[in-house]
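Reader: Please pick one part of this model and go through it closely, in plain terms. Which details of the chain around it should I look at as well?

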Amino acid sequence: MRISPEFLQSVWYGGVAAPWWLRAGAVLYAGLRLLAQLPYRLRLRRAQALGVPVIVVGNLTVGGTGKTPLTIALVEALRGRGFAVGVISRGYGRSTRGVRLVDSGSTALEVGDEPLLIARQTRAPVAVGEDRVAAARRLLGVVPLDVLISDDGLEHLALPRCGEIVVIDGMRGFGNGRLLPAGPLRAPLGRLRRVDWLVRNGGTPQSGEHAMSIVAHGLRALRTGRSENLGSWRGRSAHVVAGTGNPERVFASARGLGIEVIGHPQPDHVDYASAGVPSFGDGLPCVTTEKDAVKLPPLDNWYVLEVAAQIDPALVEQVIERIEAQSV
């Protein structure tokens with residue numbers, strides 16, 4: 001049985017009651033999760049030492065919280081303080097398996113859209129692999145690093161970590177608070193008690209949380225890379241194509257630039273090579289995300305929405321303190 005994304009969103013975030021078969025699926029998910037963690041809880045297996053501090057950036061809910069922009073901002077902040085930083089990721093959505101290093105010739109199909117975006121924006125060394133420890137060792141074997149950031153991997157217990165950051169969607173929160181597939185949670189809310197830092201992306205931070213916002217600051221032509229005059233876009237209608245976990249956040253960012261948005265949500269991690277590039281035939285410009293852009297050819301009349309995460313400086317200082325304490 002195929003479950004539409006719209007129906008799941010209505011259950012997870014819209015107040016629609018979860019049917020029994022979704023609740024049964026959540027019980028099964030919880031059991032499988034516990035089974036996977038049992039060897040670590042019984043201390044039959046332990047995280048494998050890597051010799052460098054690891055900071056895990058993750059989320060409890062599926063898709064669209066802003067962990068990749070936070071990862072990019074954290075890489076740049078740490079590098080600005082003199083740290084040699086590398087990134088590891090699973091590489092969700094790629095067609096390959098095993099460990100791969102992201103290089104200038106990599107494609108999203110080979111390494112995943114988010115790792116490719118991180119590598120292009122930060123120029124940091126990035127490795128992908130289902131086994132995060134193997135990915136980390138491969139990266140450390142190529143370039144000396146002071147710290148690793150794991151883009152996701154909160155539940156990957158074989159990976160050692162000196163700190164965990166969980167990004168909370170300030171718009172949607174934790175939805176109905178249920179585990180997948182009856183709700184959006186990858187892990188029970190009790191998992192937050194073992195997290196070092198909570199970051200709320202948008203909205204008002206609650207006690208113990210750090211603030212974060214994603215700010216749109218530019219548009220560039222997809223074909224030429226030329227920056228646009230944002231003033232000329234105010235009041236202009238455009239198709240906005242967003243293949244992310246939370247397209248509404250993208251549409252809101254575009255509206256913040258004064259664009260009259262015609263929204264076209266796409267599946268998260270959509271593969272445009274097989275799904276096809278959206279075409280509208282009305283001559284209006286198309287605006288898309290950085291994450292989508294790494295999977296698109298150089299199209300005319302397409303523009304990339306440039307955004308950046310603004311994070312609490314106190315978070316950076318606390319992460320640095322943890323890294324330095326781990327490195328002693």
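Author: H269 counts as buried, at 17% relative accessibility (buried is under 20% relative accessible area, exposed over 50%, partly exposed in between, with a 1.4 Å probe and protein chains only). The model is predicted, with pLDDT of at least 70 required for local features and 80 or more for side-chain atom pairs, while totals for chains, interfaces and linings use all residues. Residues are numbered from 1 along each chain as its sequence is written, and side-chain values use heavy atoms, without hydrogens and water.

H269 sits in the loop between strand 10 (260–265) and helix 8 (272–275) (helices, H or I of at least four residues, and strands, E of at least two, are DSSP runs numbered from the N terminus). The phi angle of H269 is near 65°, which is positive although the residue is not glycine. R123 also has a positive phi, near 65°, and is likewise not glycine. R123 lies in the loop between helix 5 (113–122) and strand 4 (126–128). With a relative accessible area of 69%, R123 is exposed, whereas H269 is buried.

Another backbone detail is the cis peptide bond from L180 to P181, where omega is about -5°. P181 belongs to the loop that runs between strand 6 and strand 7 (197–201).

Strand 6 leads to the part chosen here, the second largest pocket, because strand 6 (163–169) and helix 2 (20–41) each give at least two residues to the lining of that pocket (a pocket is an open set of points on a 1 Å grid where a 1.4 Å probe fits, with protein on both sides within 12 Å along at least five of seven lines, and lining residues have an atom within 4 Å of a point). The second largest pocket holds about 410 Å³ of space. Its lining has 19 residues, and Y40, A47, L157, R161 and R194 are the closest to the centre of the pocket.

Helix 2 provides three residues, the largest share of the lining. Sorted by type, the lining of the second largest pocket has 10 charged, seven nonpolar and two polar residues (Asp, Glu, Lys and Arg are charged; Ala, Val, Leu, Ile, Met, Phe, Trp, Tyr, Cys and Pro are nonpolar; the others, Gly among them, are polar).

Helix 2 also contains L34. The relative accessible area of L34 is 41%, which makes the residue partly exposed.

Notes. Grid points are joined across faces, edges and corners, and a volume is the space filled by probe spheres set on the points.
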